[in-house]
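User: Please take a close look at the salt bridges in this model. Give the geometry and the exposure of the partners, then put them in context with the packing and the pockets.

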Amino acid sequence: MPSVTAADYVPPSRDLGDLTAAARACRGCDLFADATQTVFGQGPADARLMLVGEQPGDREDVAGEPFVGPAGKLLDKALREAEVPREPVYVTNAVKHFKFVPAERGVRRIHKTPSRTEVVSCRPWLFAELQAVTPEVVVLLGATAAKALLGNDFRLTAHRGEVLRLPPDDAPEGVDPSVVVTLHPSAVLRGPADARDESFASLVADLRFAATLLTG
Ligand code: URA
Ligand code: SF4
């Protein structure tokens, strides 16, 4: 565990406005240094469904909002197809700053997968968001989000279509959502063209399944 993490910056409040404001000043790992800004989660505090991605991408880093770039467009399309409206959903990421390979001028910066240390350093924000929102159902989009909450050895492909729980000894206190894992929208975009329809369909099916777990 690194000596400084987001835990040093997370306030006691579980008000989303307070958390968002405090996260702007986070220096819990080195990723703040090259990114434009913190991209905190977004959505209503009473959301019953929470989606967790990996980290902001190039567009999100500039806009300051999660899932507004190409992956976000695909996610929106999948949500529409699954008949899950996005406005009542809380959308966030495992890591709140964009990590990238510096690109040539005029070329879109290329995303780099965050390290385990960065994911663990940033996780206190995700725990705080879970406590602020107390969602009934959480969908983890892709391996980074899944490993952030379910452990580094978690294998996403082995557990799709299951209803999982957060590990009791490594989860924020007071929350026990149903957890579903699925593909990351970027994995659909980056995958081989001939597999894209199928992987998109599984993303849609998993989102639809997650929505069926909402009570009432
Ligand atoms: N990919 C993510 O995981 N999150 C975003 O917000 C955008 C792209
Ligand atoms: Fe803090 Fe997370 Fe940004 Fe690192 S990535 S500086 S832990 S908000």
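Analyst: A salt bridge here is a side-chain nitrogen of Lys or Arg within 4 Å of a carboxyl oxygen of Asp or Glu. The model is predicted. By that rule the count is ten salt bridges.

Start with R48 and E136. Their closest N and O atoms are 3.1 Å apart. R48 sits in the loop between α1 and β1, and E136 in the loop between α4 and β5, so this pair ties together parts that are 88 residues apart in sequence. R48 has a relative accessible area of 35% and is partly exposed. E136 is partly exposed too, at 26%.

Next come D76 and R86. The closest N and O atoms of this salt bridge are 2.9 Å apart. D76 belongs to helix α3, while R86 lies in the loop between α3 and β2 (90-93). The two are ten residues apart. D76 has a relative accessible area of 21%, which means partly exposed, since buried requires under 20%. R86 also comes out at 21% and is partly exposed.

The third pair is D176 with R165, at 3.2 Å from N to O. Both residues are in the loop between α5 and β6, eleven residues apart. D176 is exposed at 53% relative accessibility. R165 is partly exposed at 43%. There is also a network: D58, R59, D61 and R109 are joined by salt bridges that share partners.

Now the packing. The largest nonpolar core has 38 residues, and L19, W125, L140, L150 and V181 touch the most other members. At least two core residues come from each of α1 (16-23), β1 (49-53), α4 (116-133), β5 (137-141), α5 (143-150) and β6 (178-182). The largest share, nine residues, is from α4. Set this beside the first pair: the loops that hold R48 and E136 run between α1 and β1 and between α4 and β5. Those four elements are among the suppliers of the core.

W125 deserves its own line. Beyond its neighbours within four places in sequence, W125 is in contact with A6, Y9, V10, P11, L19, A22, A23, C26, F40 and K96. A second, separate core has 23 residues, including F67, A78, V89 and L203.

Then the open space. The largest pocket has a volume of about 710 Å³. It is lined by 30 residues, with A71, H111, H184, S186 and R190 nearest its centre. Two or more lining residues come from each of α2 (58-63), α3 (70-81), β4 (110-111), α5 and α6 (185-190). The helix α3 that carries D76 is thus also one of the contributors to this lining. The largest share, four residues, is from α6. By class, the lining has twelve nonpolar, eleven polar and seven charged residues.

The second largest pocket holds about 150 Å³. Ten residues line it, and A7, V10, R123, P124 and F127 are the closest to its centre. V10 is also one of the contacts of W125. This lining divides into seven nonpolar, one polar and two charged residues.

Back to the salt bridges. R48 and E136 tie together parts of the sequence 88 residues apart. D76 and R86 link places ten residues apart. D176 and R165 are eleven apart.

Notes: Residues are numbered from 1 along each chain as its sequence is written. Chains are lettered from A and ligands numbered from 1 in the order in which they are written. This is a predicted model: local features need pLDDT of at least 70, side-chain atom pairs count only at pLDDT 80 or more; totals for chains, interfaces and linings use all residues. Side-chain values use heavy atoms; hydrogens and water are left out. A nonpolar core is a set of buried Ala, Val, Leu, Ile, Met, Phe, Trp, Tyr and Cys residues joined through side-chain atoms within 4.5 Å. Buried means under 20% relative accessible area, exposed over 50%, partly exposed in between (1.4 Å probe, protein chains only). Contact means heavy atoms within 4.5 Å. On a 1 Å grid over the protein atoms alone, a cavity is a set of points where a 1.4 Å probe fits but cannot get out, and a pocket is an open set with protein on both sides within 12 Å along at least five of seven lines; lining residues have an atom within 4 Å of a point. Grid points are joined across faces, edges and corners, and a volume is the space filled by probe spheres set on the points. Ala, Val, Leu, Ile, Met, Phe, Trp, Tyr, Cys and Pro count as nonpolar, Asp, Glu, Lys and Arg as charged, and the others, Gly among them, as polar.
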